[in-house]
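Student: I would like to take a close look at one part of this structure, going slowly enough that I can follow each step. Could you guide me through it?

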Amino acid sequence: MEKLVGGQFDLEMNFIIQEPESIVCMVEMLDQCEPTCQAEIWSIFTAILKKSVRNLQACTQVGLIQLVLDRIATTDSMIADLLVDMLGVLASYSITVKELKLFFSKLQGEKGQWAIALPPIAKWPYQNGFTFHTWLRMDPLNNINVDKDKPYLYCFRTSKGLGYSAHFVGGCLIVTSLKSKGKGFQHCVKYDFKPQKWYMVSLVHVYNRWKNCEISCYVNGELASFGDISWFVNTSDTFDKCFLGSSETADANRVFCGQMGAVYLFSEALSAAQILAIYQLGPGYQGTFRHKAESDLLFAEHHKTLLYDGKLSSSIAFSYNPRATDAQLCLESSPKENASIFVHSPHALMLQDVKAVVTHSVQSGIHSIGGVQVLFPLFAQLDYRQPSSNELDTSVCCTLLSFVMELLKNSVAMQDRFFKAPCDAARLDIVLAFSRYLSNLPNGILLLKQLCDHIMFNPAIWIHAPSKVQLTLYTYLATEFVSTVTIYNAIRRVGTVLQVMHTLKYYYWVLNPQDRSGVIPKGTDGPRPNERDIFHLRTFLLLFVKQLIMKDHGVKEDELQSILNYLLTLHEDDNLMDVLQLLVALMSESPASMVQAFDQRNGIRVIYKLLASKSEPIRVQTLKVLAYFLKHLPPKRKAEVMLSHGLFSLLTERLMLHSQQISMTTYNVLFEILTEQVCTQVIYKQHPDPDSTVKILNPQILKVIAALLKNSAPSPETMEVRRVFLSDMIKLFNNSRENRRSLLQCSVWQEWMLSLCFINPRTTEEQKITEMVYAIFRILLYHAIKFEWGGWRVWVDTLSITHSKRRDSFLPHRVSGVTRLRVCPSDYAVEAIL
C-alpha cells in the first residue's frame with residue numbers, strides 16, 4: 001500500500017494525482033485492508049482531493065463516485081461516514097445522471113496546465129476600445145516559486161513583440177501594452193487573487209482620440225482598479241503570437257496553472273452595468289448573450305435588458321469555451337454574423353496538458369431524473385431509525401432541508417416544480433433563510449404561503465424546541481417578517497391573526513386553562529418553556545398580531561372577533577392580561593376602525609365579563625378599553641349603548657364584586673372615563689390637577705365613583721381617594737360652566753353627593769371632607785340660581801333631599817332655632833337662610 005500511494009501521489013508535487021487509472025487499483029486493494037487502514041487512507045485521500053481541482057477531475061475521469069457507491073452499503077459504518085464525506089467533495093465538483101441515479105438508489109430506507117494557441121489576428125480592434133473577459137481559478141502545482149512565477153492570463157503580440165498581455169505576479173495582475181520594442185505601459189491591478197478560488201476578471205480598454213486612453217479593471221463585477229494608459233499599438237503587422245494562459249515563449253514559469261471558464265474578447269469597452277450583469281450569469285456561462293431563456297437563474301429585468309439587447313452579442317470578437325472542443329481543437333464560438341478578426345480559420349489549438357473539462361451539476365442531474373420531486377419520498381423516511389443504534393437521527397431533516405434550499409436557490413425550474421415546503425423544525429436558521437430567499441422571488445409566493453402555514457405558524461413544531469430557538473422565530477415574525485412587503489402580501493392576514501390567537505390559547509398559556517376555562521391544552525407531551533420564557537414568547541406573538549393589524553387599513557372585524565373570543569372564553573388572569581393590553585393598544589392607536597368594529601361585534605360584553613375579575617390590573621385595563629370605546633363613540637350611539645341598558649349602574653355592581661375599597665389606580669382610570677382624556681399608561685398615584693380645558697363628558701361616572709367610595713371599607717387610602725375626588729370636582733366646577741351644568745342635569749345628584757360627607761365628623765380629616773362637600777353645594781346652587789332658567793327648582797330639590805336625612809344629626813349650625821347654610825364660594829357672596 002505504501003508503494004501504491006507513493007507511486008500514485010508525488011509528494012514533491014504537492015499531492016497532485018499523476019496517474020488517474022491507479023485510483024481504481026487503490027480502491028480494489030482497499031477492499032482487502034483492515035478498517036483502520038482504510039480509514040486512514042480515505043481520510044488522507046479526501047484531504048488530497050480538496051487541495052486541487054485536478055485531483056477532482058482525475059477522480060471524475062475514472063468514475064470514483066460509482067466505485068464508492070457500489071461499496072458503501074457493505075462497508076464498515078466508520079468507513080461509510082468517511083466515504084460519504086468524500087462523495088460530498090466529489091459531487092460538489094461533478095456528478096453524472098447515472099451516478100446521481102445510483103446515489104438516490106442508496107437512499108431507499110430498509111483540470112491541467114493551460115495554454116491555448118490562437119490563430120493570427122489580422123488587425124486588433126481599437127476604434128471603440130476592447131474588453132477581455134473570463135472566469136479563472138488559479139491552481140498552482142506548488143507554492144515554492146510563487147514569487148518567481150509569472151503565469152500569463154493572455155498574450156496578444158506581433159512577431160516584433162508589440163501588443164498586449166496580462167500576467168500575475170504573486171497575487172496581483174499586471175496589464176501590459178508594448179507600443180515599440182522596449183517601450184510600453186503597465187498597470188497593476190492590486191487585488192489579492194487567491195489560489196483555488198473563482199474570480200471573474202474583466203479588463204476594459206477605453207480609446208480616446210484627443211486625450212489619454214484609460215483602463216478599468218473589474219473583479220467579480222466590481223471596479224478594482226483604473227487609470228490612464230496609452231495602450232493603442234499602431235502597427236499594420238499581424239498579431240501572430242496569440243496565446244491564452246501563456247506568454248509567446250511558453251516558459252514553464254509563465255504558463256497559467258488552473259482553470260478558465262469561457263474566454264471573450266469584446267470589440268467595445270463594456271460599461272460597469274454590463275459587466276455587473278454578466279457577473280450574475282456565474283462562472284458556468286458559455287453562451288453568446290442571445291437568448292433570455294438560456295440560463296436557469298433569476299435576474300432583475302434591467303440586467304436581462306443589458307445582457308440580451310444584442311449589443312454584447314454583436315461586439316464579440318472571439319469566444320472560446322470548454323464545451324466547444326474537438327480533440328485538441330478549441331472551436332471559436334462567436335456569432336456567425338459577427339465580422340472575423342482572424343487571418344484564416346479562427347479555431348485555436350490546445351497545447352501540452354490542456355484539457356476541456358465539462359462538469360455536471362447536481363441540479364442538472366436531478367432535472368434529468370425527474371426534478372426536485374424525487375426528494376419528496378425522503379421526507380416520509382425522517383422517522384426511520386439508524387440500523388446500528390436504532391436511534392432517530394434528527395440531523396437528517398436539517399441536511400435534507402439545506403439540500404432542497406440550495407436546489408431551489410440555484411434553479412428557477414425547480415422553484416416552479418417545487419410546490420409544497422416540507423414541515424419540520426430541525427433547524428430554525430434554515431427555515432428563516434428559506435423565508436428570506438422566497439420573499440425575494442417573484443414566483444416564490446406559493447412556496448412562502450406553504451412555508452408559513454405549515455412550518456413557521458405551526459406551534460406544534462416549535463413548542464418543544466429550546467426557548468431560545470422559539471424566541472428567535474417569534475422575534476423574526478414580529479419584526480423583519482411582517483415588515484417585508486413581499487411576505488406581508490403573501491400571507492393571509494386574517495387567517496394568520498386567527499392562527500396566532502389559537503396558538504396563544506392552546507399552546508402558549510401561562511396557567512393551564514383546563515380546570516377553570518375548560519380548554520384542553522396542547523403541547524403537553526414534551527418539554528415546554530418555563531413561565532418566564534412563555535411571557536416573553538407571548539409578547540412577541542402579540543406584537544406580531546399587532547403589526548399585522550396595524551400594517552394596513554385598520555382592524556378587520558374577524559380579527560377583532562378572534563381577540564374578543566379569546567378574552568371571553570379564558571378566565572385565568574395570567575392568560576388574559578397581555579391580550580387585554582393588546583386590545584388597549586389597538587383601541588388607542590387605531591380608534592377609527594377599532595371602535596366601530598368593537599361596537600359591531602358587541603365588544604361591550606367582554607368589558608363587563610372582565611370587570612368581574614378578582615384582579616385589579618385586569619379591571620383597570622378593562623376600564624381603559626371602556627374609556628377608549630366611549631371616547632370615540634358618537635354621542636347618540638353612546639346613549640343607546642350605555643343609558644338604555646343601565647350599564648353605568650351595572651359598572652358599579654361589577655367593580656364592587658371583588659373589591660372592598662376603591663384604590664387610587666381605579667379612581668384614576670374612572671376619572672379618565674369621566675373626562676375622556678385617556679392614556680395607555682396606568683397611573684398609580686394622584687393624577688395631575690385638571691385645568692380649565694378639561695370637560696366632564698360622562699357625568700354618570702361621578703355617581704359610580706361616589707357609590708364605590710360609600711361602600712369602601714374605611715382606610716387611609718379610601719380617605720385620600722375621597723379627598724382627591726372632591727378636589728377634582730371643585731376644580732372642574734370652578735373652571736367650567738358646562739361642567740356644573742352637566743352635573744345639575746343628573747337626577748338626584750344631591751343624594752350621592754351628601755353620602756360623601758360625614759354627618760358627625762370625628763376627625764380633622766373628616767371635617768375637611770365635609771367642608772369640601774359643602775363647597776361643591778355652594779358652587780352648584782349659586783350657578784343654578786344665577787344661570788339656569790328655573791334654577792330655584794334645584795334649591796327645592798336640594799332642601800327636600802336634605803330634610804329627608806335626620807335633621808338633628810346632619811345640620812351643622814343651629815342658631816336660636818334657625819339654621820344657616822352659607823352658600824359662599826371664594827368668588828361668590830350669597831347667603832341663604834333656611
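Student: In which kind of crossing, left-handed or right-handed, does helix 30 pass helix 31?

Tutor: Before we look closely, please keep in mind that this is a predicted model, and that the chain as a whole has 834 residues, of which 50% count as buried. Its secondary structure comes to 37 helices and 21 strands, and the part you are asking about involves a few of those helices.

To your question: the crossing in which helix 30 passes helix 31 is left-handed. Two packed helices are described by the angle between their axes and by the distance between those axes. Helix 30 covers residues 664-675 and helix 31 covers residues 700-710, and they pack at an angle of about 160° with their axes 9 Å apart. Because angles over 145 degrees count as roughly antiparallel, helix 30 is roughly antiparallel to helix 31. On the side of helix 30 the contact is made by Y667, L670, I673 and L674, while helix 31 contributes I701, L702, I705 and L708. Sorted by class, this contact of helix 30 with helix 31 holds eight nonpolar residues, with no polar and no charged ones.

We can now follow the chain onward to helix 32, which spans residues 716-735, and whose axis comes within 11 Å of the axis of helix 31, the two crossing at roughly 155°. That angle makes helix 31 roughly antiparallel to helix 32, and the crossing of these two helices is left-handed. Here L702, I705, A706 and L709 in helix 31 meet T718, V721, R722, F725 and M729 in helix 32. By class, the residues of the contact of helix 31 with helix 32 divide into seven nonpolar, one polar and one charged. If you compare the two lists, you will find L702 and I705 of helix 31 named in the contact with helix 30 and also in the contact with helix 32.

Finally, let us pause at a single residue of helix 32, namely K731. Its relative accessibility is 26%, so K731 counts as partly exposed. Leaving aside the neighbours within four places in sequence, K731 is in contact with D689 and P690. The C-alpha atoms of K731 and S692 are separated by 8.2 Å, although these residues lie 39 residues apart along the chain.

Notes:
Residues numbered from 1 in each chain as written. Predicted model: local features only at pLDDT ≥ 70, side-chain atom pairs only at ≥ 80, totals over all residues. Heavy atoms only, no water. Axes fitted to C-alpha atoms, helices over the stretch in contact; angles between N-to-C directions. Helix = DSSP H or I, 4+ residues; strand = E, 2+ residues; numbered from the N terminus. Parallel < 35°, antiparallel > 145°, perpendicular 65-115°, else oblique. Left-handed = near helix turned anticlockwise from the far one by under 90°. Contact = heavy atoms within 4.5 Å. Nonpolar A, V, L, I, M, F, W, Y, C, P; charged D, E, K, R; others polar. Buried < 20%, exposed > 50% of the residue type's maximum accessible area, 1.4 Å probe, protein only.
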